[in-house]
Amino acid sequence: MNQFIQKKLCLLLMSFLFVLVAAAQSGTLRGTVKDRNGNALSGASVILQGSSKGTVADNAGNYSISASPGKHTVIVSFVGFATQTMEVTISASGTVQDFVLLDSGDLGGVTITGSRNVSRTRTQTAV
């Protein structure tokens, strides 16, 4: 009977250790976000598509995200720059991926909403 209990305890301990090892496997994606001139883009958004994981680049353009090892799609965006999407493989030991965002050129246009037509009242104009 004593040997039976020892086997059960050993099996229970091995199962517990297996769960701890499986849960502990996490990688880190880190790097910098800069423009094409090498200037840091402080506040750039870096997210993993299809998850709730993401971060914002610090004053030096550095970012870091913890995620499970494997392939992930990373989306990097910043106002005035074209959004960049890239597939990155995160390893358990960590992965470094730098991003260079290009100007989008879309900030030059102006969109006007509304009308100053004299024959319309304010309730008839677009908001």
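1. Start with Val-74. Setting aside residues up to four places away in sequence, Val-74 touches Leu-29, Val-46, Ile-47, Leu-48, Gln-84, Thr-85, Met-86, Val-88 and Phe-99. Keep in mind while you look around that this is a predicted model.

2. Val-74 also turns up in the largest nonpolar core, which has 17 residues. Along with Leu-29, Val-33, Val-46, Tyr-63 and Val-76, Val-74 is one of those that touch the most other members. At least two core residues come from each of strand 1 (27–35), strand 2, strand 4 (62–67), strand 5, strand 6 and strand 8 (99–101). Strand 4 gives the largest share, with 3 residues.

3. Now step back to the whole chain. You'll find 1 helix and 8 strands, and reading along the sequence gives α-β-β-β-β-β-β-β-β. The chain has 127 residues, and 20% of them count as buried. Its accessible surface is about 9,300 Å², with 56% of that belonging to carbon and sulfur atoms. As for contacts between residues at least 6 apart in sequence, 49% join residues at least 24 apart.

4. Next, the open sheet. Its 4 strands come in the order 3-2-5-6, and the pairing is antiparallel. Strand 3 (54–56) and strand 6 (84–90) sit at the edges, each pairing on one side only. On average, neighbouring strands here are turned by 20 degrees against each other, if you ignore direction.

5. Strand 2 has a partner on either side in that order, 3-2-5-6. With strand 5 (residues 70–77), strand 2 (residues 45–48) runs antiparallel and is joined by 4 bridges. One pair to look up is Val-46, whose bridge partner in strand 5 is Val-76. With strand 3, strand 2 pairs over 3 bridges, again in the antiparallel sense. These two strands form a hairpin with 5 residues between them, and in this hairpin Gly-50 has a positive phi near 80 degrees.

6. Which way do the side chains of strand 2 point? They alternate: Val-46 and Leu-48 face one way and are buried, while Ser-45 and Ile-47 face the other way and are not.

7. Ser-45 deserves a closer look. This strand 2 residue stands opposite Val-56 in strand 3 and opposite Ser-77 in strand 5. Not counting neighbours within four places in sequence, Ser-45 is in contact with Thr-55, Ile-75, Val-76 and Ser-77. Is Ser-45 buried or exposed? Neither, quite: its relative accessible area is 26%, so Ser-45 counts as partly exposed. Its C-alpha atom is 9.1 Å from that of Tyr-63, which is 18 residues away along the chain.

8. His-72 belongs to strand 5. Its relative accessibility is 17%, and His-72 counts as buried because the cut-off for that is under 20%. A polar atom of the His-72 side chain lies 2.7 Å from the backbone oxygen of Ser-68. If you leave aside neighbours within four places in sequence, the contacts of His-72 are Leu-48, Ala-67, Met-86, Glu-87, Val-88 and Ile-90.

9. Over to strand 1 and strand 4, which pair in the antiparallel sense over 6 bridges. Leu-29 stands opposite Ile-65 of strand 4, and Leu-29 is among the core residues that touch the most other members. Strand 4 has two faces: Tyr-63, Ile-65 and Ala-67 make up the covered one, while Asn-62, Ser-64 and Ser-66 make up the uncovered one.

10. Last, Thr-32, which sits in strand 1. Why does Thr-32 count as buried? Its relative accessible area is 15%, and buried means under 20%, so Thr-32 qualifies. Which residues does Thr-32 contact, leaving aside neighbours within four places in sequence? The list is Gly-61, Asn-62, Tyr-63, Gln-97, Asp-98 and Phe-99. Two of those names have come up already: Tyr-63 lies on the covered face of strand 4, and Phe-99 is also touched by Val-74.

Key
Residues numbered from 1 in each chain as written. Predicted model: local features only at pLDDT ≥ 70, side-chain atom pairs only at ≥ 80, totals over all residues. Heavy atoms only, no water. Pairing = 2+ DSSP bridges. Axes fitted to C-alpha atoms, helices over the stretch in contact; angles between N-to-C directions. Buried < 20%, exposed > 50% of the residue type's maximum accessible area, 1.4 Å probe, protein only. Polar contact = N/O pair within 3.5 Å; in protein donor to acceptor, adjacent residues only side chain to side chain. Contact = heavy atoms within 4.5 Å. Areas by Shrake-Rupley, 256 points an atom, 1.4 Å probe, with all protein chains shown as cover. Core = buried A, V, L, I, M, F, W, Y, C linked by side-chain atoms within 4.5 Å.
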